[in-house]
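Work through the exercises below with the sequence and the model at hand. Each task is followed by a solution in steps.

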Amino acid sequence: VLVCNTTHLTTFHGETETSVNVNEISEDDLTEPEEIFSPISNPVFAFCFSLLLSLPLAAFVAYRNDSRKQTEEAVKYFWKRIRFNTESTVRRERSWALFRKHFHWQMKRGHVWLAVLIHPNGDFLDGIKRTVMLYTLLFNSFTVCTLLVGQRQQVPFLSSMLSASLVAMVLAFPIPYFTTMFLKRKIPSTMAIDLSTLVARQIILVKFLLFLFTDIDL
């Protein structure tokens, strides 16, 4: 006699249906517009409206801050530092001093909020551009959250949480991506790095790691 002692059963199949749902504006939402656009009854609208009003002030502060940073010497030093960071990442030995330099540089260039004011002198992404990017990210995030809040997403073979994350990423990606593509600049030819050398070094490193982990001859 075969007896099953399992106290629960587990299914090993995933959902194969695709369901993407977003919130829509209905007629009921338009019946009382004074409640939607009232800062008192709708704090979300009040917050977004205050951010919109703060945009000109933030742009003015960024412009005043940039007027002291964009000099010819600063621009040259900026591109030299970009070249140094790229070369030191591949060609130099690791050290805490080098790590601190890279960390400080990345905080000044990469922090979403602080880089608006503390970005390096001569950076082509000046305060105005960074302010535009920051507010684009903010309003883009608000829009995606408004569309998806309270809705269930389903992508084949993914859980509900992963499906919601994937749909949110797809909706939130295009606008910031094209904004940054529009603001990017080409590296000056005098500061360009021979990528063939760097790529060759990376290939050698990858082969060495594969040799260590797979124990085969490459």
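## Exercise 1: a network of salt bridges

The side chains of Arg130 and Asp123 meet in a salt bridge, with N and O 2.7 Å apart; a salt bridge here is a side-chain nitrogen of Lys or Arg within 4 Å of a carboxyl oxygen of Asp or Glu. The model is a predicted one, in which local features need pLDDT of at least 70 and side-chain atom pairs count only at pLDDT 80 or more, while totals for chains, interfaces and linings use all residues. Residues are numbered from 1 along each chain as its sequence is written, and side-chain values use heavy atoms, with hydrogens and water left out.

Task: Determine which residues are linked with Asp123 in a network of salt bridges.

Solution.
1. Arg130 and Asp123 are both buried, where buried means under 20% relative accessible area, exposed over 50%, and partly exposed in between (1.4 Å probe, protein chains only). For Asp123 the relative accessible area is 0%.
2. Asp123 also forms a salt bridge with Arg109, whose closest N and O atoms are 3.0 Å apart. Arg109 belongs to helix α5 (residues 96-110) and Asp123 to the loop between α6 and α7, so this pair ties together parts 14 residues apart in sequence. Helices are DSSP runs (H or I, at least four residues), numbered from the N terminus.
3. The network therefore consists of Arg109, Asp123 and Arg130, given the cut-off for a salt bridge.

## Exercise 2: the remaining salt bridge

Task: Find the salt bridge of Lys76 and say where its two residues lie.

Solution.
1. Three salt bridges turn up in a search of the whole structure.
2. Lys76 pairs with Glu72, at 3.7 Å between the closest N and O atoms.
3. Both residues lie in helix α4 (residues 72-91), four residues apart, or about one turn of the helix.
4. Lys76 is partly exposed at 47% relative accessible area, and Glu72 is exposed at 55%.

## Exercise 3: helix α3 and the core

Task: Describe the course of α3, then state which residues make up the largest nonpolar core.

Solution.
1. Helix α3 (residues 43-66) has 24 residues and spans 34 Å from first to last C-alpha, close to the 34 Å expected; the expected span is 1.5 Å times one less than the number of residues.
2. At Ser54 the helix α3 bends by about 35°, and Pro56 follows within four residues. The bend is the angle between axes fitted to the seven residues ending at a position and the seven starting there.
3. Buried in α3 are Cys48, Leu51, Ala62, Asn65 and Asp66. These residues pack against α6 (115-118) and α7 (127-148).
4. The largest nonpolar core has six residues: Leu51, Ala62, Val116, Leu134, Tyr135 and Leu138. Two or more of its residues come from each of α3 and α7, with α7 giving the largest share, three. Such a core is a set of buried Ala, Val, Leu, Ile, Met, Phe, Trp, Tyr and Cys residues joined through side-chain atoms within 4.5 Å.
5. Beyond four places in sequence, Val116 touches Ala62, Asn65, Gly127, Arg130, Thr131 and Leu134, contact meaning heavy atoms within 4.5 Å.

## Exercise 4: the sides of α9

Task: Which residues of α9 are buried, and which are exposed on the other side?

Solution.
1. In helix α9 (residues 174-183), Pro176, Thr179 and Leu183 are buried.
2. They cover an arc of only 65° around the axis, which puts them on the same side of α9; the arc is taken from the directions from the helix axis to the C-beta atoms.
3. Phe178 and Phe182 are exposed on the other side of α9.
4. The cover over the buried residues of α9 includes α7 and α8 (160-172).
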